[in-house]
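Let's take a walk through this one together, from the overall layout down to single contacts. Keep the viewer open and turn things as we go.

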Amino acid sequence: MESTVLILKRNEVIFSEGDKSDCMYDIRQGRVGIFANYGTKEEKLLTELTVDQFFGEMGIIEGYPRSATAVAMGDVTELTVIAKNDFEDYCKRNPEKTILIMRNMSSRIRDLTQGYLEVCHTIAESLEAEKKGEKKSLNLLNRLKKYRDEYNAACRYAAAEGINMDAFGYYNW
């Protein structure tokens, strides 16, 4: 297996949301931004990755299309491309990289869990205020608005991609 190396300039798109997932990337130099709704008014930087971090692994493990857009953010960004068919061999030959992949995925799951708990806490706080007949604090209202706006942006994106959110029981607010 011969690894392919990509060298990119700032703002070059590596892959786009919805693209086929046929490889993952190991950042050797520079930075990569992972965006939802890239190039739209709802564009959101989800995370910024640096040297010895990986991205694209979800798609090759699950076989689903890309869930976000990856963009080079460093003046020069150098990536090792790991093809889907070479992933198992890559892991066997690079056990230290396999541990890094697992740590990166674990960190992402932890961050998502924390975000989920923050949303749950906000909803519980809102329901408790309603139950007690209390006025919601400005902080609470701002958090509710933020989550509503993010949800609506996701629904607009899904609609533009032809995904029927109603089939999942989701509705626009």
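Before we start on the rings, one working rule: rings of Phe, Tyr and Trp (its six-membered ring) pair if their centres lie within 6.5 Å. With that in hand, look for Phe 15, Tyr 25 and Phe 55, which form one aromatic cluster. Keep in mind throughout that this is a predicted model. Phe 15 has a charged visitor as well: Arg 66 lies over its face, 4.0 Å from the ring centre. Across the structure there are 4 aromatic pairs. One of them joins Phe 35 and Tyr 38, with 5.0 Å from centre to centre and 55° between the planes, so this pair goes down as tilted. As for cover, Phe 35 is buried at 9% relative accessibility, whereas Tyr 38 is partly exposed at 31%.

Now zoom out. The protein has 4 helices and 8 strands, and from the N terminus on they run β-β-β-β-β-β-α-β-β-α-α-α. Of its 173 residues, 32% count as buried.

Start with strand 1, residues 4-9, where you'll find Ile 7. Is this residue buried or exposed? Ile 7 has 59% relative accessibility, so it counts as exposed. Ile 7 shares a nonpolar surface patch with Val 5 and Val 76, and together the three offer about 250 Å² of accessible area.

On to the charges. Side chains of opposite charge can pair when their charged atoms come close. A search of the whole structure turns up 14 salt bridges. Take Arg 28 and Glu 78, whose closest N and O atoms are 3.0 Å apart. This pair links distant parts of the chain, with Arg 28 in strand 3 (residues 23-29) and Glu 78 in strand 8 (residues 76-83), 50 residues apart. The two partners have unlike surroundings: Arg 28 is partly exposed at 42% relative accessibility, while Glu 78, at 17%, is buried.

Another bridge brings together the side chains of Lys 44 and Glu 150, at 2.8 Å from N to O. Here, too, distant parts of the chain are linked: Lys 44 belongs to strand 5 (residues 44-49) and Glu 150 to helix 4 (residues 138-160), 106 residues apart. Lys 44 is partly exposed, with a relative accessible area of 36%, and Glu 150 is partly exposed at 33%.

Next, follow helix 3, residues 95-132. Its 38 residues reach 55 Å from the first C-alpha to the last, close to the 56 Å expected at 1.5 Å a residue. Which of its residues are buried? They are Lys 97, Thr 98, Ile 101, Asn 104, Thr 122, Ser 126 and Ala 129. Lys 97 also turns up in a network of salt bridges with Asp 26 and Asp 52.

Farther along helix 3, the side chains of Lys 132 and Glu 128 meet in a salt bridge, 3.7 Å from N to O. Why do these two fit together along the helix? They are 4 residues apart in helix 3 and therefore separated by about one helical turn. An α-helix has 3.6 residues a turn, so residues three or four places apart point the same way. Lys 132 is exposed at 52% relative accessibility, and Glu 128 is partly exposed at 35%. Just after helix 3 comes Gly 133, with a positive phi near 70°.

Note on methods
Residues are numbered from 1 along each chain as its sequence is written. This is a predicted model: local features need pLDDT of at least 70, side-chain atom pairs count only at pLDDT 80 or more; totals for chains, interfaces and linings use all residues. Side-chain values use heavy atoms; hydrogens and water are left out. Patches are made of residues with over 30% relative accessible area and no salt bridge: like charges are joined within 9 Å, nonpolar side chains (Val, Leu, Ile, Met, Phe, Trp, Tyr) within 5 Å. Accessible areas come from the Shrake-Rupley method with a 1.4 Å probe; for residues, only the protein chains shown count as cover. A salt bridge is a side-chain nitrogen of Lys or Arg within 4 Å of a carboxyl oxygen of Asp or Glu. Buried means under 20% relative accessible area, exposed over 50%, partly exposed in between (1.4 Å probe, protein chains only). Rings of Phe, Tyr and Trp (its six-membered ring) pair if their centres lie within 6.5 Å; planes under 30 degrees apart count as stacked, over 60 as edge-to-face and the rest as tilted. A charge sits over a ring if NZ of Lys or CZ of Arg is within 6 Å of the ring centre and within 35 degrees of the ring normal. The expected span of a helix is 1.5 Å times one less than its number of residues.
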